[in-house]
Amino acid sequence: MKQWWALLRVILRGQFALSVLRDRYIRKQERLWEPLLTLFFLLFLVPLLLVLIEIYSAVYLALDRVGQPEALLTALVVGGQLWVLFFGFIHLIGQLYFVRDAEALLPLPVTPRQVLGARLVGIWIGQVVGLLPCFLTGFLVYGVLGGEGLPYYLMLVPMLMAMPLLPLALSGAIVLVLMRVTNIRGQQSWWRVLGSMSGILVLIGFQVAANSRGDWKDPEVAGEWLTQPGGLSDMIAAWFPPSQWAVESLVSFQEGAGFGSLFVAGGILAAVIFVWLGGSLYYRGLTASGGKKQSREKNPLSRRVFRSRSLFRTMLAREWQLVMGTPVFIMDAVFPLMMFPAMVLLPSLLGGEGNGWGAAFSANVSPLVAVWAGVGVVVLMGGVNGIAFSAISREGEFFYLSKVIPVSWQIQLAAKWVVTLVFTVISALIVSAGQLWLLGAPVVTLWTLVTSILAASFVNLCGILFDLISPILDWQIPQEAMRRGFNRLWGLFLLFGGALVVLMFNVLAVRAGLSFTVIQVLWLLVLVGLNMGVWFSLKRTAGFRYQRIEG
């Protein structure tokens, strides 16, 4: 047992980078601004948490009016377990097979079951932490508004802790079998794409099922779909009884204590069975490809440089291939483009006239609010994504080519910006088309299209600048180029700060009596100036950063 605890500590330190953080911030006391920046970012999330509380409160009150407040618990439990089932699938693949130290444990005197169990504990901790922001908030809102006593909160703790266990065991069984019978170690990026796609498919499926019940935004209809015979609760009880056990244990402590014990015990039993039976499959799948890690794709520049007629087209072809030739980069660019139709347009299309977001959004909305709501969505879809904030980092170990090829860094940066602009324009067209369909206002739609492209372009240029200042070139898998560092965190700060500035300016302009057209023209001039200013700053910074970056 001591051996397993030592192994667990090693795996947790590697998974959560505990040793690196302690060495950097405590022992060496280097880059102390990073934890301060993280704390500052968490403070920015407080308003989002308050919005989430308001949403859960409104849902609870609406369901309580029709006598079905426990429907909120059903939705939370089902949503949490579906979250773990689909996104935990990708987490399992990454942590079991594609971390740096996956094969480093093979020669150690530990059994496959011990390694698999320790890995599962780390994944379970990550999933519990991931559930807290969105789902714990809903459970707390239910407890406060429902006047629940101490027994409810005492039962809530083991429920949340056990919630990921059974979905992880089910997903893990699929992962072990797939990795054992198929040689997919060179295709791990596509499996991560599959996980993201599965989330969208679940969202679409849920909306189709919900809209098939009628006007599901009516609290009474929604409550009936969640709790009445033939609704979601019956489906869960038939196909996934443990979820119903969790709901029953929270609704009534005295009558549901037995169900709660079954839920916790069932989750632990499922995890134990998974580790016991999966130990023999784990190492076989890990060594299926002869212990070779995924090799990075060859830089496409050598295949493109002599086929293009201009240096700019050469660089543009290279940047496009770097993005479209890597599934993780593709998904990071395409996923936001798919989420907007899935979350906003699809309910209106399924609900028909008078249903969905269109009816709510088009009621007495001012043109200024409509334009900047669309701009905000476009910036989220096409501005704040990894394509701009990893423009330098995604070159990885091949960045040295960018320093030695006979192409100026101005042309290289222009090619990177154009690639980000492609996804920005697509985002703007999608949002503008949806806005035109929902509002039927061509003038407002045109202003949204132009303004959103300029605003997202400004954010993209800032993202390239951030990545130029602090690139991540030593990544081993593409996810590290997208997720490591603080570039995207700076982008979120930029987004929040920009939203605050836009809100304040528009309120003051309206109070000053400026017309909608005058306000938009002023914003166009400001955004053009901001784009030009950041571009000049980017060129000035690249003049010395390109030679100083080691790569």
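This report describes a bent helix, a network of salt bridges and an internal cavity in a predicted model.

## Helix α5

Helix α5 covers residues 112-145, a run of 34 residues. From its first C-alpha to its last, the helix reaches 47 Å, close to the 50 Å expected at 1.5 Å a residue.

The course of α5 changes at leucine 132, where the helix bends by about 60 degrees. A proline, proline 133, follows within four residues of this bend. Just after α5, glycine 147 adopts a positive phi of about 65 degrees.

## A buried network of salt bridges

The structure contains 5 salt bridges. Side chains of opposite charge can pair when their charged atoms come close. Here Arg318, Glu319, Arg394, Glu395 and Lys416 are joined in a network of such bridges.

Glutamate 319 takes part in two of the contacts described here, one with arginine 318 and another with arginine 394. In the pair with arginine 318, the closest N and O atoms are 3.2 Å apart; in the pair with arginine 394, the corresponding separation is 3.6 Å. Glutamate 319 belongs to helix α14 (residues 311-324), whereas arginine 394 sits in the loop between α18 (386-389) and α19 (399-404), so their salt bridge ties together parts that are 75 residues apart in sequence.

A further bridge connects lysine 416 and glutamate 395, with 2.5 Å from N to O. Because lysine 416 lies in helix α20 (residues 409-439) and glutamate 395 in the loop between α18 and α19, this pair links parts that are 21 residues apart in sequence.

Are the members of this network buried or exposed? Glutamate 319 has a relative accessible area of 0% and is therefore buried. Arginine 318 also counts as buried, at 0% relative accessibility, and arginine 394 is buried too. Lysine 416 is buried at 0%, and glutamate 395 is buried with a relative accessible area of 2%.

## The internal cavity

Rolling a probe the size of a water molecule over the atoms shows where empty space is left. A search of the whole structure finds 1 cavity of 30 Å³ or more. The largest cavity holds about 30 Å³ of space.

Which residues line the largest cavity? The lining is formed by Gln81, Ala162, Leu166, Pro242, Phe263, Gly266 and Gly267. Helix α12 (residues 253-286) gives the most to this lining, with 3 residues. By character, the lining residues divide into 4 nonpolar and 3 polar, with no charged residue among them.

Note on methods: Residues are numbered from 1 along each chain as its sequence is written. This is a predicted model: local features need pLDDT of at least 70, side-chain atom pairs count only at pLDDT 80 or more; totals for chains, interfaces and linings use all residues. Side-chain values use heavy atoms; hydrogens and water are left out. Helices (H or I, at least four residues) and strands (E, at least two) are DSSP runs, numbered from the N terminus. The expected span of a helix is 1.5 Å times one less than its number of residues. The bend at a residue is the angle between axes fitted to the seven residues ending there and the seven starting there. A salt bridge is a side-chain nitrogen of Lys or Arg within 4 Å of a carboxyl oxygen of Asp or Glu. Buried means under 20% relative accessible area, exposed over 50%, partly exposed in between (1.4 Å probe, protein chains only). On a 1 Å grid over the protein atoms alone, a cavity is a set of points where a 1.4 Å probe fits but cannot get out, and a pocket is an open set with protein on both sides within 12 Å along at least five of seven lines; lining residues have an atom within 4 Å of a point. Grid points are joined across faces, edges and corners, and a volume is the space filled by probe spheres set on the points. Ala, Val, Leu, Ile, Met, Phe, Trp, Tyr, Cys and Pro count as nonpolar, Asp, Glu, Lys and Arg as charged, and the others, Gly among them, as polar.
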